[in-house]
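Thanks for sending this one over. I have gone through the model and put my notes in order below, so you can follow along with the structure open.

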Amino acid sequence: RLEYVDEIRDAIQRAQERYFWYLVNRQQARLILKGVSDYQQLLSLPRVEASPAARNQLEDEIQSLRSEILQYEELATSYLLSLQFLIGLDALAASQVGALDLYEANYYGRSYLSRPLEQLVAEAQENDIQVRVLQNARKNSLEKKQLAERGQWDIFVDLNGQYDLDGGGDLEDENGYWVGAGLRVRKIDTTLLRYSLRRAQAEIKKYDALIRGRRLETRNQIEREWGNAHSRREQCDELFASVASRRAVYRQKQKDYAEGNEIIDNLIRSRRDLLETEKDLVHSLGRFYESITELDHACGVYFEPLGIEIAPPGSF
């Protein structure tokens with residue numbers, strides 16, 4: 001059951017991560033396409049039409065950007081295929097993937113940054129499915145210990161059977177199966193009781209150690225990714241401001257060039273700087289959302305929407 005829990009957590013975290021990087025690469029391609037569109041608009045300016053050199057510079061930029069678009073589209077396709085594999089689908093089209101605004105002010109994962117670290121750790125440890133499984137196992141061992149402390153008799157269930165593998169029809173049942181069951185009851189000697197008691201005590205200590213280790217691992221993971229998420233979000237906020245500044249510079253350069261007060265080299269450089277800053281921002285957003293997927297993994301939030309519950313001991 002612990003392996004099952006681990007597999008769910010890891011698979012969802014990997015799928016989330018691929019999803020965000022798919023969105024990032026698609027957005028990178030869109031940003032570059034917008035750069036191509038801006039350069040194409042510049043081609044229609046009278047100053048550009050009158051200058052073959054300026055036209056050639058812009059066309060070279062357009063060609064370079066179109067090649068870059070293909071690279072990001074290929075990366076996006078690669079992440080989409082990886083996402084399809086992790087989800088377990090036979091096919092997954094881009095139209096089937098829900099959109100998420102990477103620039104959203106009320107962004108995904110914001111709640112992690114608005115809560116104190118200790119609150120996150122406490123909530124994660126309280127709701128940790130793995131700890132609950134270990135606690136159930138510990139309770140089973142505690143019951144074994146109590147039985148060993150007061151037990152004198154042991155009851156065994158004997159099961160035996162046979163299957164007609166070669167199809168010879170030697171068994172009495174027509175379906176080829178034979179199964180028998182019975183009970184054996186015996187008095188437990190004191191040596192066996194002591195052994196059972198020691199084994200139960202050892203199991204309890206083992207589960208106590210595993211629970212402590214799991215809680216420490218959860219705390220370390222949350223502390224690390226909570227810190228990463230804060231620093232990466234701060235970097236994103238700085239880049240948001242830089243993008244706005246560079247966009248304003250480009251618009252001014254565009255106006256100055258159209259009025260004859262700027263050269264084409266500075267105009268192209270300004271648009272290139274804007275694009276690179278926009279791409280840096282989207283990449284930083286991808287790294288931020290990657291930290292959020294790690295926090296989701298550490299806090300075990302997947303099990304709430306899945307509705308998975310760990311049944312108490314003895315309910316199977």
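The points below go from the overall fold to the cores, the aromatic rings and a few single residues.

1. **Overall make-up.** Please keep in mind that this is a predicted model. The protein has 9 helices and 2 strands, and reading along the sequence gives the pattern α-α-α-α-α-α-β-β-α-α-α. Of its 316 residues, 37% are buried. Among contacts with a separation of 6 or more, 81% join residues 24 or more positions apart.

2. **Surface.** The protein exposes about 19,000 Å². Carbon and sulfur atoms supply 50% of that area.

3. **The largest nonpolar core.** This core holds 55 residues, and the members that touch the most others are Tyr-39, Leu-58, Leu-102, Ile-222, Ile-264, Phe-288 and Tyr-289. Two or more residues come from each of α1, α3 (52–87), α4 (110–113), α5 (117–126), α7 and α8 (264–299). Helix α8 gives the largest share, with 14 residues.

4. **A second core.** Separate from that one is a core of 5 residues, including Val-131, Leu-134, Ala-137 and Tyr-207.

5. **Aromatic rings.** The whole structure contains 6 aromatic pairs. One of them is Phe-288 with Tyr-289, whose centres are 5.2 Å apart with 65° between the planes, an edge-to-face arrangement. Both of these residues are buried. They also belong to an aromatic cluster with Tyr-19, Phe-20, Tyr-107 and Tyr-108.

6. **Around Tyr-289.** Which residues does Tyr-289 touch, not counting those up to four places away in sequence? The list is Phe-20, Asp-101, Leu-102, Tyr-107, Tyr-108 and Arg-233. Leu-102 appears again here, having been named with Tyr-289 among the core members that touch the most others.

7. **Helix α3.** The 36 residues of α3 should span 52 Å at 1.5 Å a residue, and the end C-alpha atoms are 52 Å apart, so the two values agree. Its buried residues are Ala-54, Leu-58, Glu-61, Ile-62, Leu-65, Glu-68, Ile-69, Tyr-72, Ala-76, Leu-80, Leu-83 and Gln-84. You will see Glu-61, Glu-68 and Gln-84 in that list, alongside residues such as Leu-65 and Ile-69. Just after the helix, Gly-88 takes a positive phi of about 90°.

8. **Gln-28.** Is Gln-28 buried or exposed? Its relative accessibility is 4%, so Gln-28 counts as buried, the cut-off being under 20%. Gln-28 is found in helix α1 (residues 2–42). Leaving aside neighbours within four places in sequence, Gln-28 is in contact with Tyr-72, Lys-279, Val-282 and His-283. Tyr-72 is one of the buried residues of α3.

9. **Thr-218.** This residue lies in helix α7 (residues 190–258). Thr-218 has a relative accessible area of 1% and is therefore buried. Beyond its neighbours within four places in sequence, Thr-218 is in contact with Ala-124, Gln-125, Asp-128 and Ala-298.

10. **Cysteines.** How many disulfides does the structure hold? The number is 0. Cys-236 counts as buried because its relative accessibility is 0%. Cys-299, at 11% relative accessibility, counts as buried too.

Methods
Residues are numbered from 1 along each chain as its sequence is written. This is a predicted model: local features need pLDDT of at least 70, side-chain atom pairs count only at pLDDT 80 or more; totals for chains, interfaces and linings use all residues. Side-chain values use heavy atoms; hydrogens and water are left out. Helices (H or I, at least four residues) and strands (E, at least two) are DSSP runs, numbered from the N terminus. Buried means under 20% relative accessible area, exposed over 50%, partly exposed in between (1.4 Å probe, protein chains only). Contact means heavy atoms within 4.5 Å. A disulfide is a pair of cysteine sulfur atoms within 2.5 Å. A nonpolar core is a set of buried Ala, Val, Leu, Ile, Met, Phe, Trp, Tyr and Cys residues joined through side-chain atoms within 4.5 Å. The expected span of a helix is 1.5 Å times one less than its number of residues. Accessible areas come from the Shrake-Rupley method with a 1.4 Å probe; for residues, only the protein chains shown count as cover. Rings of Phe, Tyr and Trp (its six-membered ring) pair if their centres lie within 6.5 Å; planes under 30 degrees apart count as stacked, over 60 as edge-to-face and the rest as tilted.
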